[in-house]
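Dear colleague,

Please find the structure below, together with its sequence. A short account of what was found in it follows.

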Amino acid sequence: MCGIVGYIGHREAYPIILKGLKRLEYRGYDSAGIALYDGTDIKLSKTKGKVEDLEDKIKKEITTDGTLGIGHTRWATHGVPNDVNSHPHYSNSGNLVIIHNGIIENYEPLKQELESRGYIFHSDTDTEVLVNLIEDIKKNDDIKLGKAVQIALNQVIGAYAIAVFDKSKPNEIVVARLGSPLAIGIGDDEFFIASDASPFIEYTKNAIYLEDEEMAVVRRHRGVSIRKIHDDSLVNPYIQELQLHLEQIEKGGYDHFMLKEIYEQAHAISDTFRGRLLTDKAIIKMGGVEDNMKKFLNADRILIVACGTSWHAGLVAEYIFEDLARIPVEVEYASEFRYRNPVITENDLVIAISQSGETADTLAAIKLAKSRGAFVFGVCNVVGSSIARETHAGAYTHAGPEIGVASTKAFTTQITILTLIALRLARAKGTISSSDYRHHLFELEMIPEKVNQALESDYMVKQIAEVYKNAKNFLYLGRGYNFPVALEGALKLKEISYIHAEGYPAAEMKHGPIALIDEDMPTVVIAPRKGHYDKIVSNIQEIKSRKGVIIGIVTKGDVTVRELADHVIEIPETLDCLSPLLTTIPLQLLSYHIAVMLGKNVDQPRNLAKSVTVE
Ligand code: G6P
């Protein structure tokens with residue numbers, strides 16, 4: 001989960017690489033580094049910290065000339081994030097320089113072998129082992145860099161996206177991928193390398209996404225040649241036209257990407273509907289579902305695998321699939337599922353949910369399910385991502401790029417897709433009446449407008465944030481469809497403000513968390529009018545009678561909770577099963593404002609990364 005960037009062409013490489021790294025910081029921001037070839041030598045600078053720290057250091061340390069270079073932003077896996085462990089890494093001779101996203105699992109024996117041959121290691125990283133392995137092969141066999149990289153990668157176990165160049169042959173960059181993404185932008189006599197297309201979107205719309213087990217030699221003036229790492233066969237490059245636009249990856253006047261993405265949700269949900277929700281014809285049309293309808297209808301159960309916020313979307317889906325389509329559902333953390341020898345059969349249908357489509361545990365869970373004969377359906381945001389490619393069929397959320405590390409619009413659009421699927425299956429199975437179905441479609445279509453109305457609570461949420469920003473703990477309670485929303489609200493607060501928060505099913509509070517209630521701990525209670533309202537009112541009373549503080553998320557016009565709670569935030573009325581799409585909004589805003597007030601880095605919270613491509 002690091003970000004890598006490279007450039008070879010006729011422009012100055014440094015500004016392209018620096019800007020590219022800033023765009024890729026969502027992938028990791030423990031350290032950053034750049035290596036440039038200035039016409040005679042490599043100029044390298046790297047540092048612990050963010051890309052802006054690197055920029056400051058570079059100003060003092062190196063000249064930035066050159067039309068070839070590579071850069072890296074790191075989320076530490078091997079070795080603490082310090083200057084030495086930062087990428088790029090030199091080989092012992094100083095001729096080769098490499099950047100790497102991933103993990104070399106067998107680096108220990110390789111390192112010992114190289115040490116026995118006199119190689120010296122300066123860092124604790126697996127990457128420095130790889131670059132010296134390449135050097136050793138190249139030197140002993142007197143072969144070209146591309147061949148040496150290929151031989152080295154055949155000895156390596158693990159995951160990687162790498163870019164490496166040799167200062168004695170400064171007209172090419174060799175890249176390779178296995179398990180970590182790598183795109184090559186094809187410009188006019190210039191080439192860009194990056195973990196995703198965002199670093200080069202203003203220069204070219206044409207890109208090649210390397211597949212797993214592919215490597216490429218990118219040559220100045222000569223183009224790109226791709227081959228398979230393991231069997232050496234040549235691959236015909238498939239050049240895709242990018243759909244990404246520059247404004248999608250810029251803040252567009254907002255202070256943070258997270259706020260922009262919260263505000264984009266109405267639009268994003270409409271994009272998720274596009275061409276799929278045809279309310280006037282009472283049709284839901286989704287190619288991936290229609291083509292595989294039998295698999296869905298004949299499945300004994302649906303197993304959902306995901307991590308983080310996507311797992312919470314899966315929990316909402318569990319309620320909706322069971323409620324509307326009457327299909328048994330189990331929701332699993334991908335990381336647990338893959339390591340516990342789960343019972344999966346050909347009669348299971350697995351749905352994998354992932355914003356990035358690159359989460360290593362989710363990917364591994366998919367592979368496991370496939371190996372046991374299950375049909376796997378993907379719900380991803382990033383088009384062409386590893387999970388999108390690994391699944392048998394799927395549906396994209398079309399939320400647009402999500403850059404803030406804390407997921408917002410990905411969550412609501414995932415719920416939207418899963419709701420569409422549940423409704424489509426309910427209709428096919430006859431578990432929903434025709435009038436109810438139409439009513440659901442009608443209410444669904446109103447959601448984007450209602451999301452915008454829910455966003456009008458922003459000013460009030462900010463005032464509440466001001467009052468409770470110094471609380472040490474928060475409790476989030478919800479029932480039914482809104483229990484997963486309570487989990488998600490608590491996760492958002494933890495992620496970006498570092499305040500401890502717990503999400504709990506409201507009724508379970510009596511079995512433990514009630515002991516924590518006092519006047520210092522705010523409890524956020526999600527209490528829309530539809531869905532166990534009376535029960536949740538009783539839970540609120542239980543908290544009030546113990547001097548607890550209540551922030552209620554209520555339906556517009558609510559009276560009962562308003563009388564009991566210390567604060568209420570109103571959302572528009574909708575169906576119980578659609579309420580998570582609205583109740584989530586004020587919780588996202590609450591965490592955002594508290595984090596901003598506490599001076600935290602909202603878009604890049606400490607220790608986290610947007611896409612976790614390590615296990
Ligand atoms: C990381 C991110 C979370 C995200 C999770 C799953 O932990 O910080 O925001 O929910 O990964 O990511 P995915 O891309 O698979 O949805």
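Helices (H or I, at least four residues) and strands (E, at least two) are taken as DSSP runs and numbered from the N terminus. The model is predicted: local features need pLDDT of at least 70 and side-chain atom pairs count only at pLDDT 80 or more, while totals for chains, interfaces and linings use all residues. Residues are numbered from 1 along each chain as its sequence is written, and side-chain values use heavy atoms, with hydrogens and water left out.

Two backbone features come first. Pro88, in the loop between β4 (68-74) and β5 (89-90), is joined to His87 by a cis peptide bond with omega of about 0 degrees. Lys547, in the loop between α18 (533-544) and β26 (549-555), has a positive phi near 65 degrees although it is not glycine. Most residues other than glycine have a negative phi, and most peptide bonds are trans.

As to the ligand, 14 residues surround it (a heavy atom within 4 Å). Ser310, Ser354, Gln355, Ser356 and Thr359 come nearest. Its oxygen atoms take part in polar contacts (pairs of N or O atoms within 3.5 Å): an oxygen atom of the ligand is 2.4 Å from a polar side-chain atom of Thr359, one is 2.5 Å from a side-chain N or O atom of Ser310, and one is 2.7 Å from a polar backbone atom of Gln355. Taken alone, the ligand exposes 390 Å², of which the protein buries 90% (Shrake-Rupley method, 1.4 Å probe).

Helix α10 (residues 308-325) gives the largest share of the shell, three residues. Domain 2 (257-453) and domain 3 (456-615) both contribute to the shell, so the ligand lies between them; the bounds come from an automatic or database domain assignment.

With kind regards

Terms used
Polar contact = N/O pair within 3.5 Å; in protein donor to acceptor, adjacent residues only side chain to side chain.
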